[in-house]
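Q: I have a structure open and do not know where to begin. Can we read it together, feature by feature?
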Amino acid sequence: MVAVGNGVKVGRLESIVEQIGEAVLATTETIEKLGERLDSLSGQVEEQGKQIQQQGYQILALCDAVQTLAESQDDALKKLTHLTQTLDRMMTILESED
């Protein structure tokens with residue numbers, strides 16, 4: 001009877017060890033899949049970071065272009081003002097001669 005009892009205990013222990021092994025394998029597979037997903041996400045984040053940096057450069061270039069345009073428009077306005085004043089003086093001279 002003791003031998004049968006020991007055999008049952010050994011069978012149970014083998015079953016428990018087998019279940020633990022299966023659990024370890026399943027956990028290992030899950031961790032590997034999580035690692036792969038993390039690698040994938042890391043790559044995506046890195047790519048997005050590069051895109052954001054590129055967009056930052058584009059925004060800086062656009063700001064420079066707008067600044068240049070504003071300066072050009074300011075110069076054009078000054079020239080138009082000067083031209084208008086000159087035309088006003090010419091009109092005054094022409095009107096005074098009449």
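A: Yes. Start with I20, which lies in helix α1. Keep in mind that this is a predicted model.

Q: How many helices and strands does the chain have?
A: Count the secondary structure elements. Here the chain has 1 helix and 0 strands. The radius of gyration is 42 Å, well over the 13 Å that the globule rule gives for 98 residues, so the chain is more spread out than a compact globule.

Q: What does the C-alpha trace span along its principal axes?
A: Read the three spans together. They are about 140 × 15 × 10 Å. Now take two residues of the chain. K33 and L80 are 47 residues apart along the chain, and their C-alpha atoms are separated by 69 Å.

Q: Where is K33 found, and is K33 buried or exposed?
A: K33 is found in helix α1, which covers residues 2-97. Exposed means over 50% relative accessible area. K33 has 55% relative accessibility, so K33 counts as exposed.

Q: What share of the residues count as buried?
A: Buried means under 20% relative accessible area. Of the 98 residues, 0% count as buried. The accessible surface comes to about 9,100 Å², and 62% of that belongs to carbon and sulfur atoms.

Q: Which residues make the nonpolar surface patch?
A: Look for L13, I16, I20 and V24. Their patch is about 370 Å².

Q: How many positive and negative side chains are there?
A: The chain has 8 positive and 17 negative side chains. The centres of these two sets lie 12 Å apart.

Notes:
Residues numbered from 1 in each chain as written. Predicted model: local features only at pLDDT ≥ 70, side-chain atom pairs only at ≥ 80, totals over all residues. Heavy atoms only, no water. Helix = DSSP H or I, 4+ residues; strand = E, 2+ residues; numbered from the N terminus. Buried < 20%, exposed > 50% of the residue type's maximum accessible area, 1.4 Å probe, protein only. Patch = residues over 30% accessible without salt bridge, like charges linked within 9 Å, V, L, I, M, F, W, Y side chains within 5 Å. Areas by Shrake-Rupley, 256 points an atom, 1.4 Å probe, with all protein chains shown as cover. Salt bridge = Lys/Arg side-chain N within 4 Å of Asp/Glu carboxyl O. Rg over C-alpha atoms; globule rule 2.2 N^0.38 Å. Lys, Arg positive; Asp, Glu negative; His and termini not counted. Charge placed at Lys NZ, Arg CZ, Asp CG, Glu CD.
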